[in-house]
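Let's take a walk through this chain, starting with a pair of packed helices and moving outward from there. Keep the viewer open and follow along.

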Amino acid sequence: MNPAHTMCLYTSFDSMNLNCSDYNQIPPAALKSTILDKHNSLRNDYSRHGWRKSEFQVPNMLALDWDHELADVAARWAWQCPYDEDDFRDVDRFKVANTVGILSSTLHHFPDLENVWETLIEGNRTFHELRSHRRWEPHGTLKSAFRPDEPLTLLTNPYFKHVGCAGARYQQIVGDVLEHRTILVCNYGPLDSPYRSIQPSGPPCSRCPSATTCHSNSSYPNLCFENLKVHNHRHRPEVLFMNTPNGTDSRSAEKQEPEQEYSGGGEYYSGGEYGGEGGEYQSGDYYDEAFLNFTARYCDELCNNGEQHTLCKYKGPTDEFSEVNSLMGDDMREIILNQHNFVRDTFARGYWELVDKEPDSNDLTSTKLPLAANMREMQWNDELELIAKMWTEQCKPTKDLCRDAFLYSDTERTYISQLIDVTNWTGRDGDFPSVESSFYNWYNTYSYFTADKISPYTDPKDPEKNYKSFAQIIWADSYMIGCAMTMCRNSNTTNSLIITACNYGPGGVIVGRNVYTKGGPCTVCHLINRTSMGGMFCSLEFSSLCSGTTMPPFIQCIVLVFLSVLGFKMALQ
């Protein structure tokens, strides 16, 4: 990182001596849901109707995703109680735009965050302006009014993909007057994406960038989502700016929220004291005696291939790299689990994709894969994640050779399959690798997969058309998943080895077995008695998948009795 970066320049509270005190950060967990919704709601409406009385539409407005690194940089800048924007906020992945909103009061109360947000979107020129002579514009373009120093132009920049913000309340002496201040700092990226002086116009979603699309069932139907991410945005979060659900003021609710609920990239600031570099990035030094006792059962026998189990063979990260950092956090777990279930649900009911055959027309074409009757909803499994984590921390760019797990009993191990993605990242290769990019690499082999490979499954004959990873993603009987992502790097280089591995249980991609049962979605679901993981009914969240949620035993009994009575009556008829 550049020594002149904000994260290096300002390592203590109020480093610029701006007479700041009584600093309290707004809990990031609450800030994230509300601010992200504020941004995407604004962008969604702007894409459809423009701003105020303007009459134009934006055809390529991207939906924003929350970025924890950007949020951490924003938090460090807010921690300085600044008067203006941060000039040193770029990250290794891309250049960053920044906006700061501050409201002050001398009446011994802190302004509401809602009012700070309004200052960012009111009183600024719009992002686009219609040309005065439309007849001179054969392609219906819009004149850009991009101004990096005007907040609204940042909030509605269609090319931004990521946002990360921080907010706080504090007291500050300004000109011998004690003011109560509320600050909101937001960072956006990538700023180095090409920005055209003439921005295209047209109906929302009509010119979504490659690998993005709009979804009518999203809360933001006019925004272009990266493929497979829309599920995370189907329901808008509760607005926490003004009042909490029980009617109390949001400030008191925020103070009650524990710091540990912050699942971001690492930093929390409270009361003017730096809270440490915790969070998602763990060094892997937590392998203690309890862990070793837990993994000892994996040392009782070898795998069928004669290899020793990963949890027995290794007791911690490799020492071949000076830095071995686990990157998997709660947000990543949710993302990759949702991506799997979204794809499984989509293909179970028949996947359709848009193909542009002519510049002004969209035609639907299907993958021609039959519907799936027994596709199960996936559930996260911590033990599978632990095995994947131990393996990726060995920093080997190959699959784990012995990874079976005790899924159903303490005496018998179940076969576990694995997908792995390895990236050599130099810091100059665009965006930092993510679990999404790994999933895309696996998923994108779907075009090679055809209906004749389903029942029974057969391996690819052409190594250039390897569809094994996609077959695993839609393998119906694999309903447990656990993944890990690890960065391996030596201190004398900027090159990093990023390894992502996902373990699936029971394992799939077995020649001679069926990928899934053909038939109407969710019509051949079976109750998995020995796991009590549901499986008998359709998922409430993914309606084409067999449920993966736990069903209370008494409800299982009621349902089974009902089905028995129903079957008896039908037999009498």
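**Two helices and their surroundings**

Start where helix 9 meets helix 11: Met332, Ile335, Ile336, Gln339, His340, Val343 and Phe347 on the helix 9 side are in contact with Val435, Glu436, Phe439, Tyr440, Trp442 and Tyr443 on the helix 11 side. Sort the residues of this contact by type and you get 10 nonpolar, two polar and one charged. Keep in mind as you look that this is a predicted model.

How do you put a packing like this into numbers? Two packed helices are described by the angle between their axes and the distance between the axes. For helix 9 and helix 11, the axes come within 10 Å and the crossing angle is roughly 25°. Angles under 35 degrees count as roughly parallel, so helix 9 and helix 11 are roughly parallel to each other. As for handedness, the crossing of helix 9 and helix 11 is right-handed.

Now stay with helix 11, which spans residues 435-443. How many of its nine residues are buried? Seven of them are, so mostly covered is a fair description of helix 11. The buried ones are Val435, Glu436, Ser438, Phe439, Tyr440, Trp442 and Tyr443. Helix 9 (330-348) is one of the elements that cover them, and the others include strand 10 (225-226), strand 17 (417-425), helix 12 (468-473), strand 18 (480-489) and strand 19 (496-505).

Ser438 in helix 11 makes a handy close-up. With a relative accessible area of 2%, Ser438 is buried, because the cut-off is under 20%. Leaving aside residues up to four places away in sequence, Ser438 touches Asp421 and Thr500. Val422 is 16 residues from Ser438 in sequence, and the C-alpha atoms of the two are 8.2 Å apart.

**Two more buried residues**

Next, go to Thr392, which belongs to helix 10 (residues 382-392). Thr392 has 0% relative accessibility and counts as buried. What does its side chain reach at 3.1 Å? The partner is the backbone oxygen of Lys389. Beyond four places in sequence, Thr392 touches Ala484, Thr486, Cys488, Ile499 and Ala501.

Leu184 sits in strand 7 and is likewise buried, at 0% relative accessibility. Its contacts, again not counting residues up to four places away in sequence, include Leu31, Ile35, Thr99, Val100, Leu113, Val116, Trp117, Leu120 and Cys165. Leu184 and Ala75 are 109 residues apart along the chain, yet their C-alpha atoms are separated by 9.2 Å.

**Backbone oddities**

If you like checking torsions, here are some to look up. Most residues other than glycine have a negative phi, and most peptide bonds are trans. Which way does Asp22 go? Its phi is near 55°, a positive value in a residue other than glycine. Asp22 lies in strand 1 (residues 20-25) and is partly exposed, with a relative accessible area of 42%. Cys81 also has a positive phi, about 55°, although it is not a glycine. Cys81 is in the loop between helix 3 (68-78) and strand 3 (97-105), and there Cys81 is buried, with a relative accessible area of 0%.

Then there are the cis peptide bonds. The bond from Gly189 to Pro190 is cis, with omega near 0°, and Pro190 lies in the loop that runs between strand 7 (177-189) and strand 8 (198-200). Another cis bond joins Gly505 and Pro506, where omega is about -15°. Pro506 falls in the loop between strand 19 and helix 13 (553-572).

**Zooming out**

Finally, pull back to the whole chain. The protein chain holds 13 helices and 19 strands, and of its 573 residues, 52% count as buried. Among contacts in the protein chain with a separation of 6 or more, 72% are between residues 24 or more positions apart. The pair of Leu184 and Ala75, at 109 residues apart along the chain, is a good one to display while you think about sequence separation.

Terms used
Residues numbered from 1 in each chain as written. Predicted model: local features only at pLDDT ≥ 70, side-chain atom pairs only at ≥ 80, totals over all residues. Heavy atoms only, no water. Buried < 20%, exposed > 50% of the residue type's maximum accessible area, 1.4 Å probe, protein only. Helix = DSSP H or I, 4+ residues; strand = E, 2+ residues; numbered from the N terminus. Contact = heavy atoms within 4.5 Å. Polar contact = N/O pair within 3.5 Å; in protein donor to acceptor, adjacent residues only side chain to side chain. Axes fitted to C-alpha atoms, helices over the stretch in contact; angles between N-to-C directions. Parallel < 35°, antiparallel > 145°, perpendicular 65-115°, else oblique. Left-handed = near helix turned anticlockwise from the far one by under 90°. Nonpolar A, V, L, I, M, F, W, Y, C, P; charged D, E, K, R; others polar.
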